[in-house]
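The following exercises are to be solved with the sequence and the coordinates at hand. Each task is followed by a solution in steps.

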Amino acid sequence: MRPRLPSAAKALVALGAGAGRAGAAARAVLAALPGPWALPPVPARCAVCGAWPAQPVCEACVARFAQPRLRCRTCALPVAAGVVRCGGCLREDPVLARCHAAVDYGYPWRGIVAEFKFRGWPGWAASLALLMRSAPWVEPALEEADWVLPMPLAPGRLAQRGFNQSLLLARRLAPRKADPGLLLRLRETAPQAALARAERAANVRGAFAAEPLRAAQLRGRRIVLVDDVMTSGASMSAAATALREAGALAVDGLVFARTPQPL
Ligand SMILES: [Zn+2]
Ligand SMILES: [Zn+2]
């Protein structure tokens, strides 16, 4: 029996706005997924509005809460029409060549990311990756990339959580290009959320490095760096710096949710 299409995918295929790209992305992702859907024991009701039957987020909620926005090309902050890069990125030339985000980090996605990350529902990865893939410019970025690398967790945090949520996303986005062994986190860092903007950059400086034995595999390559949430962008910038220092040609960022205000 053919497994059911996730609602988010159906919504993306059916959505009027950007239906061509979204539909193609949805079909491509669905074709690449193993069957039956490796979804976790998620509720049969939409996680946002409670509509039933729907899983994990219903079509109406995807249409309402995951509309593409105009975003800064290099940090994915929302920008006004006609603006390519935000003021912050114009002032400090960013390390990322481009940055893509599917949604703003707010209702209802904040709660859904928490379920995904902290409460052990890694099966949300399929749905979140589908929304990421359907964001503008993500499909070509993934196609052009040589590697799609997850933001690494420190070993202690990985042991505590049991999985790296960014690796689950990267594997859904590009199964043949995802590799958790190329970029390493050298040390545990204080949670970024508790720090002021200036402290965040210092907190993560030197926290990442390319795997020394595999650095040759990064030289001259295009990389997409994947994370679930971007707040200040300091961690992703530090990781991208490590990849560029190892010889990577260009590094794009790709996150599911982006904090909409500069922090
Ligand atoms: Zn809903
Ligand atoms: Zn920007």
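A residue is buried if 20 or more other C-beta atoms lie within 10 Å of its own, exposed if 12 or fewer, and partly exposed in between. The model to which this criterion is applied is a predicted one.

**Exercise 1.** Determine whether W137 is buried, partly exposed or exposed, and describe its backbone.

Step 1. Within 10 Å of W137 there are 16 other C-beta atoms. This count lies between the two cut-offs of 12 and 20, so W137 is partly exposed.

Step 2. W137 belongs to the loop between helix 6 and helix 7 (138–144).

Step 3. Its phi is near 75 degrees, which is a positive value in a residue other than glycine. For comparison, most residues other than glycine have a negative phi.

**Exercise 2.** Carry out the same analysis for A76.

Step 1. A76 has 28 C-beta neighbours inside 10 Å and therefore counts as buried.

Step 2. The loop between helix 3 (59–65) and helix 4 (87–91) contains A76.

Step 3. Although A76 is not a glycine, its phi is positive, at about 65 degrees.

**Exercise 3.** Locate the cis peptide bond that involves P108.

Step 1. The bond joins Y107 and P108, and its omega is about -5 degrees. Most peptide bonds, by contrast, are trans.

Step 2. P108 is placed in the loop between strand 1 and helix 5 (109–117).

**Exercise 4.** Establish the strand order of the four-stranded sheet and identify the helices that pack on this sheet.

Step 1. The protein has six strands and eleven helices. Four strands make up an open sheet with parallel pairing, in the order 1-6-5-2.

Step 2. Strand 1 (98–104) and strand 2 (147–150) are the edge strands, each pairing on one side only.

Step 3. On average, neighbouring strands of this sheet are turned by 20 degrees against each other, direction ignored.

Step 4. Eight bridges connect strand 5 (residues 222–230) with strand 6 (residues 250–258) in the parallel sense. I223 has V251 in strand 6 as its bridge partner.

Step 5. Helix 6 (residues 125–133) packs on the sheet and touches strand 1 and strand 6; its direction makes about 120 degrees with that of strand 6. Helix 9 (residues 165–173) also packs on the sheet, where it touches strand 2, strand 5 and strand 6, and its direction makes about 130 degrees with that of strand 5.

**Exercise 5.** State which residues have the most contacts inside the largest nonpolar core, and list the contacts of M132.

Step 1. The largest nonpolar core comprises 72 residues, and M132, V148, L225 and L243 have the most contacts inside it.

Step 2. With neighbours within four places in sequence left aside, M132 is in contact with A102, V138, L169, L173, L254 and F256.

Step 3. For the protein as a whole, 44% of the 263 residues count as buried. Of the contacts between residues at least 6 apart in sequence, 73% join residues at least 24 apart.

**Exercise 6.** Characterise the packing of helix 10 against helix 11.

Step 1. Two packed helices are described by the angle between their axes and the distance between the axes. For helix 10 (residues 197–204) and helix 11 (residues 234–245), the angle is about 35 degrees and the axes are 9 Å apart.

Step 2. The crossing of helix 10 and helix 11 is right-handed.

Step 3. In this contact, R200, A201 and V204 of helix 10 meet A234, S235 and A238 of helix 11. The residues of the contact comprise four nonpolar, one polar and one charged.

Definitions and conventions:
Residues numbered from 1 in each chain as written. Chains lettered and ligands numbered in written order. Predicted model: local features only at pLDDT ≥ 70, side-chain atom pairs only at ≥ 80, totals over all residues. Pairing = 2+ DSSP bridges. Helix = DSSP H or I, 4+ residues; strand = E, 2+ residues; numbered from the N terminus. Axes fitted to C-alpha atoms, helices over the stretch in contact; angles between N-to-C directions. Contact = placed C-beta atoms within 7 Å. Core = buried A, V, L, I, M, F, W, Y, C linked by C-beta atoms within 7 Å. Left-handed = near helix turned anticlockwise from the far one by under 90°. Nonpolar A, V, L, I, M, F, W, Y, C, P; charged D, E, K, R; others polar.
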